[in-house]
Amino acid sequence: MALKAANLKVGDKHTERLVEDLKRTQIVQYAGASGDYNPVHTDELFTKEVAGYPTVFAHGMLTMGMTGRMLTNYVGDGRLTEYGVRFTSQVWPGDTLDSTATVAAIHDGLVDLEVSTVNQDGVEVLKGSAQARVD
Amino acid sequence: MAVGKFPVEAGHVMMFARSVGDDNQIYYDADYAAATECGGVVAPPTFVQASAQFDPDYFLRPKVGEPWFGSGGSPTGVKRESSGGGGGGGGLHAEQRYVYHRHPKVGDLLTATTKPGKTWEKEGRRSGKLVFSETVTEYRDQNGELVVTATGVGVRTERPVDQG
């Protein structure tokens, strides 16, 4: 499962589709599992009329969580040493997200990755980096 | 956030993995997980965020006997001062970083302590003045060993983020 340093080179990419046509129900699932019940993620009436957005939107942490799935699928379970992101645009119901890890460096039994998640319009919604142990 | 007891439980890991669309058996099947390098069910990379469930004072969860600001018969249950924030309750999440000293496993009993970090301001193109604030949370295990260091950055906006 884990990556082998000998098989990696800078610029290698791993891409996965994180979600197609994001459903409000998945956002509700994430609210329930994470414990973040901010109404802007699940409560259409509040979000439109009080918060001032066109509809509910995903927790940034849902996008980070799904992007983390791409990373663990690539580097193996329990291999991440660091993972950090910036949330660069909101994610809405109906969005389709694709995420890519790009090898930036290989050193000392570790791989440094650049991480980017984009929506169906090519807008980057999450940008970050990760580091993982490799064999 | 201060969390005295954050037990890493199998059912919670399962629900969390489902919610991020991850069907990797490392999160569901203890027998499968036991035979892997991890040696047991581990938590997904962002799972420690769910320590909010175990924070008695977490403000984004309805609590018994307290008003809740989400909608009921009217769009909000609590008249709040217009504080901007851009996220309805407490602003938006701008950044999140984790350092894994090891990965939490089912059976761990973690504690979390949070310290404030830097704050800074910036003029935003789509939402007016932005005020950023950082918090650093240390998750330690039942032996007092550091497991995960989490750094979060929240942002309060002057107005909702323009969708144009």
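Two strands are taken to pair if DSSP finds at least two bridges between them. The exercises below apply this rule, and a few others, to a predicted model.

**Exercise 1. Follow the strand pairing from chain B into chain A.**

Task: Determine how many bridges join strand S2 of chain A to S2(B), and in which sense the two strands run.

Solution: Begin at the boundary between the chains, where strand S2 of chain A, residues 80-87, is joined to S2(B) by 5 bridges, the two strands running antiparallel. To locate this pairing in the structure, find A:Tyr83, which stands opposite B:Tyr98 in S2(B). Next, move within chain A, where S2(A) also pairs in the antiparallel sense with strand S5, residues 124-133, over 7 bridges; here A:Glu82 has A:Gln131 of S5(A) as its bridge partner. Finally, pass from S5(A) to strand S4 of chain A, residues 110-118, which is joined to S5(A) by 9 bridges and again runs antiparallel to that strand, with A:Thr117 standing opposite A:Leu126.

**Exercise 2. Examine the turn.**

Task: State how many residues lie between S4(A) and S5(A) in their hairpin, and which residue in the turn has a positive phi.

Solution: The hairpin formed by S4(A) and S5(A) has 5 residues between the strands, and in the turn A:Gly122 has a positive phi of about 80°.

**Exercise 3. Describe the extent of the interface.**

Task: Find how many residues of each chain are in contact, and what area is buried between chain B and chain A.

Solution: Counting residues, 49 of chain B are in contact with 46 of chain A. The size of an interface is often given as the accessible area lost when the parts come together. By that description, about 3700 Å² is buried between chain B and chain A, with carbon and sulfur atoms giving 57% of it. On the side of chain B, the three residues B:Ser19, B:Val20 and B:Pro75 supply 14% of the area that this chain buries against chain A, more than any other three residues.

**Exercise 4. Account for the polar links and the composition.**

Task: Identify the residues that form the salt bridge between the chains, and say which element gives the largest share of the side of chain B that touches chain A.

Solution: The count of salt bridges between the two chains is 1. Since the cut-off is 4 Å, B:Glu37 and A:Arg79 qualify, their closest N and O atoms being 2.6 Å apart. Across the interface, 15 residue pairs are in polar contact. Helix H1 (10-19) and strand S2 (92-100) of chain B are the elements that give two or more residues to the side touching chain A, and S2(B) provides the largest share, 9 residues. The residues of that side divide into 22 nonpolar, 20 polar and 7 charged.

Key: Residues are numbered from 1 along each chain as its sequence is written. Chains are lettered from A and ligands numbered from 1 in the order in which they are written. This is a predicted model: local features need pLDDT of at least 70, side-chain atom pairs count only at pLDDT 80 or more; totals for chains, interfaces and linings use all residues. Side-chain values use heavy atoms; hydrogens and water are left out. Contact means heavy atoms within 4.5 Å. Buried area is the accessible area (1.4 Å probe) that two parts lose on being put together, summed over both. A salt bridge is a side-chain nitrogen of Lys or Arg within 4 Å of a carboxyl oxygen of Asp or Glu. A polar contact is a pair of N or O atoms within 3.5 Å; within protein, one must be able to donate a hydrogen and the other to accept it, and residues adjacent in sequence count only if both atoms are side-chain atoms. Helices (H or I, at least four residues) and strands (E, at least two) are DSSP runs, numbered from the N terminus. Ala, Val, Leu, Ile, Met, Phe, Trp, Tyr, Cys and Pro count as nonpolar, Asp, Glu, Lys and Arg as charged, and the others, Gly among them, as polar.
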